[in-house]
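Q: Got a minute to go through this one with me? I'd like to start with the surface and work inwards.

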Amino acid sequence: MPSRNYVSDPAALLAEGQMIVSSTEDSKFQHKVECVNIVLGGMPPSELSKYVAESKNTITSWVKTADEEGFEALHTKKQPGRPMKLTKEQLAEIERAVKEDEPTTHGYRVWDGPSLSDFIKKKYSVEVSVRHCQRMFHGFGLSLIRPQTYPSLDEDNDEDRENFKKN
């Protein structure tokens with residue numbers, strides 16, 4: 001069985017890893033450190049991979065990283081993701097407009113996905129899909145249920161109103 005030639009002292013590395021495990025709140029980091037500690041304690045990565053649902057190569061990579069760069073390099077790096085189209089200030093203005101202003105003040109009958117998308121396009125020159133606008137309503141704590149209209153109320157007498165409802 002091949003053994004790793006360590007750059008650092010394995011016993012010192014194991015002691016440092018045990019100290020980190022007992023003091024950290026980051027569970028992913030802690031899992032990585034525990035796996036490295038078990039390998040440093042003598043269990044082969046191929047054997048450990050059967051118990052921790054990680055591949056042998058992943059565990060070997062963690063051991064190499066801890067050995068060459070230290071345990072701090074095992075912290076999960078923040079993934080950048082796609083940049084937002086709207087700033088936080090713009091989102092706050094949109095939320096205020098939707099919650100406090102009547103839609104008619106901005107030229108809309110109701111606040112819904114299409115009207116909000118159009119509002120954002122006109123005010124900020126940013127294209128936002130209707131579906132994303134619907135998600136924004138949920139983010140603002142609002143529902144997408146439109147008020148129901150009662151066309152039968154336009155009928156003059158009760159009999160016409162009942163016939164309208166049935167048909």
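Q: How much area does the protein chain expose, and what share do carbon and sulfur atoms supply?
A: This is a predicted model, and in it the chain exposes about 11900 Å². Carbon and sulfur atoms supply 51% of that.

Q: And what percentage of residues count as buried?
A: 30% of the 167 residues.

Q: How many helices and strands are there?
A: Eight helices and zero strands.

Q: OK, inside then. Which residues have the most contacts in the largest nonpolar core?
A: Leu86, Ile94, Leu116, Phe119, Ile120 and Met136, in a core of 16 residues. H5 (88-100), H6 (113-124) and H7 (130-139) each put in at least two residues, and H6 gives the largest share, four.

Q: What does Ile94 touch, leaving out residues up to four places away in sequence?
A: Leu86, Leu116, Phe119, Ile120, Tyr124, Met136 and Phe140.

Q: What other core lies apart from that one?
A: One of 15 residues, with Leu13, Cys35, Leu40 and Val63 among them.

Q: Switching to packing: at what angle do H2 and H4 cross?
A: Roughly 90°, with the axes of H2 (27-40) and H4 (56-69) coming within 9 Å. The two helices are therefore roughly perpendicular.

Q: Which residues meet there?
A: From H2, it's His31, Lys32, Cys35, Val36 and Val39; from H4, Ile59, Trp62, Val63 and Ala66. Seven of the contact residues are nonpolar, one is polar and one is charged.

Q: Last one: what share of contacts between residues at least 6 apart joins residues at least 24 apart?
A: 47%.

Conventions
Residues are numbered from 1 along each chain as its sequence is written. This is a predicted model: local features need pLDDT of at least 70, side-chain atom pairs count only at pLDDT 80 or more; totals for chains, interfaces and linings use all residues. Side-chain values use heavy atoms; hydrogens and water are left out. A nonpolar core is a set of buried Ala, Val, Leu, Ile, Met, Phe, Trp, Tyr and Cys residues joined through side-chain atoms within 4.5 Å. Buried means under 20% relative accessible area, exposed over 50%, partly exposed in between (1.4 Å probe, protein chains only). Contact means heavy atoms within 4.5 Å. Axes are lines fitted to C-alpha atoms, for helices over the stretch in contact, and angles run from 0 to 180 degrees between N-to-C directions. Angles under 35 degrees count as roughly parallel, over 145 as roughly antiparallel, 65 to 115 as roughly perpendicular and the rest as oblique. Ala, Val, Leu, Ile, Met, Phe, Trp, Tyr, Cys and Pro count as nonpolar, Asp, Glu, Lys and Arg as charged, and the others, Gly among them, as polar. Accessible areas come from the Shrake-Rupley method with a 1.4 Å probe; for residues, only the protein chains shown count as cover.
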